[in-house]
Amino acid sequence: MHTSPTRPSVLFVCVHNAGRSQMAAAFLTHLAGDRVEVRSAGSAPADAVNPAVVEAMREVGVDIAAEVPKVLTVEAVQASDVVITMGCGDACPVFPGKRYLDWRLDDPAGQGVAAVRPIRDAIEARVRALISDVVPA
């Protein structure tokens with residue numbers, strides 16, 4: 001497969017990097033493969049990925065059990081073409097020349113798998129639309 005040198009990079013940010021941003025990053029990696037560089041981070045990262053999120057992703061064949069929440073750095077934002085925030089508000093630094101999107105999604109923190117499924121499905125739909133928008137065919 002031909003890899004373009006202008007591979008777009010996407011950063012998903014939420015507060016804890018334990019749910020929404022982990023699901024979004026996993027879906028983008030799963031669906032777009034090496035056509036895009038994927039990062040995720042949190043402004044106040046949790047100790048671990050939400051177990052209900054891990055289970056909900058496992059149900060659709062995506063294993064994120066080995067992922068760990070990462071702290072949001074200025075460098076990660078600077079290195080990304082598209083920055084997608086999910087409720088981190090003013091904690092995400094803004095740089096000129098980046099494309100910013102804010103996805104308003106319920107926070108899966110403290111929720112069971114049943115509550116996480118609709119959030120997961122909404123994220124997958126948004127990621128699929130994002131791929132058609134930013135990832136070269």
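## A buried asparagine before helix 1

At 0% relative accessibility, asparagine 17 counts as buried, and its place is in the loop between strand 1 and helix 1. The model described here is a predicted one. The phi of asparagine 17 is near 50°, which is a positive value in a residue other than glycine. Most residues other than glycine have a negative phi.

## The chain as a whole

The chain contains four helices and four strands, and, read from the N terminus on, these elements follow the order β-α-β-α-α-β-β-α. For 137 residues, a compact globule would be expected to have a radius of gyration near 14 Å, and the chain agrees with this, having 14 Å. Taken along the principal axes, the box filled by the C-alpha atoms is roughly 40 × 35 × 25 Å.

Of the 137 residues in the chain, 43% are buried, while the accessible surface comes to about 6,800 Å², with 52% of that area belonging to carbon and sulfur atoms. Among the contacts with a separation of 6 or more, 70% are made by residues 24 or more positions apart.

## Helix 1 and its surroundings

Helix 1 covers residues 20–32, and its 13 residues reach 18 Å from the first C-alpha to the last, close to the 18 Å expected at 1.5 Å a residue. Because 10 of these 13 residues are buried, helix 1 is largely enclosed by the rest of the structure. The buried residues are Arg20, Ser21, Gln22, Met23, Ala24, Ala25, Ala26, Phe27, Leu28 and Ala32, a list that holds Arg20 and Gln22 as well as Phe27 and Leu28.

What do the buried residues of helix 1 pack against? Their partners are strand 1 (9–14), strand 2 (37–42), helix 2 (51–59) and helix 4 (113–134). Helix 1 is followed by glycine 33, which has a positive phi, near 60°.

## The nonpolar cores

The largest nonpolar core has 33 residues, and those that touch the most other members are Val10, Phe12, Leu28, Trp103 and Val127. At least two residues of this core come from each of strand 1, helix 1, helix 2, strand 3 (82–85) and helix 4, and helix 4 gives the most, with eight residues. A second core, separate from this one, has seven residues, including Leu11, Ala41, Leu72 and Val77.

Valine 127 shows how parts of the largest core meet, since it is one of the members that touch the most others. Leaving aside residues up to four places away in sequence, valine 127 touches Phe12, Ala24, Phe27, Leu28, Leu31 and Trp103.

## An aromatic pair

How many aromatic pairs does the count come to? The count comes to one aromatic pair. Its rings belong to phenylalanine 12 and tryptophan 103, and because their centres are 5.8 Å apart and their planes stand at 50°, the pair is tilted. The pair links distant parts of the chain, with phenylalanine 12 in strand 1 and tryptophan 103 in the loop between strand 4 (99–102) and helix 4, 91 residues apart.

Are the two residues of the pair buried or exposed? Phenylalanine 12 has a relative accessible area of 0% and is therefore buried, and tryptophan 103, with a relative accessible area of 8%, is buried too, as the limit for a buried residue is under 20%.

## Two residues in loops

Isoleucine 64 lies in the loop between helix 2 and helix 3 (74–78), and at 2% relative accessibility it counts as buried. Not counting residues up to four places away in sequence, isoleucine 64 touches Gln22, Ala26, Val49, Val53, Val54 and Met57. Of these, Gln22 and Ala26 are also among the buried residues of helix 1. Between isoleucine 64 and isoleucine 131, which are 67 residues apart along the chain, the C-alpha atoms are separated by 20 Å.

Proline 93 is located in the loop between strand 3 and strand 4, where it is partly exposed, with a relative accessible area of 23%. The residues that proline 93 touches, not counting those up to four places away in sequence, are Leu72, Val74, Val77 and Tyr100, and of these Leu72 and Val77 are included in the second core. Proline 93 and phenylalanine 12 are 81 residues apart in sequence, and their C-alpha atoms are 13 Å apart in space.

Methods
Residues are numbered from 1 along each chain as its sequence is written. This is a predicted model: local features need pLDDT of at least 70, side-chain atom pairs count only at pLDDT 80 or more; totals for chains, interfaces and linings use all residues. Side-chain values use heavy atoms; hydrogens and water are left out. The expected span of a helix is 1.5 Å times one less than its number of residues. Buried means under 20% relative accessible area, exposed over 50%, partly exposed in between (1.4 Å probe, protein chains only). Contact means heavy atoms within 4.5 Å. Rings of Phe, Tyr and Trp (its six-membered ring) pair if their centres lie within 6.5 Å; planes under 30 degrees apart count as stacked, over 60 as edge-to-face and the rest as tilted. The radius of gyration is taken over C-alpha atoms; the globule rule is 2.2 Å times the number of residues to the power 0.38. Accessible areas come from the Shrake-Rupley method with a 1.4 Å probe; for residues, only the protein chains shown count as cover. A nonpolar core is a set of buried Ala, Val, Leu, Ile, Met, Phe, Trp, Tyr and Cys residues joined through side-chain atoms within 4.5 Å.
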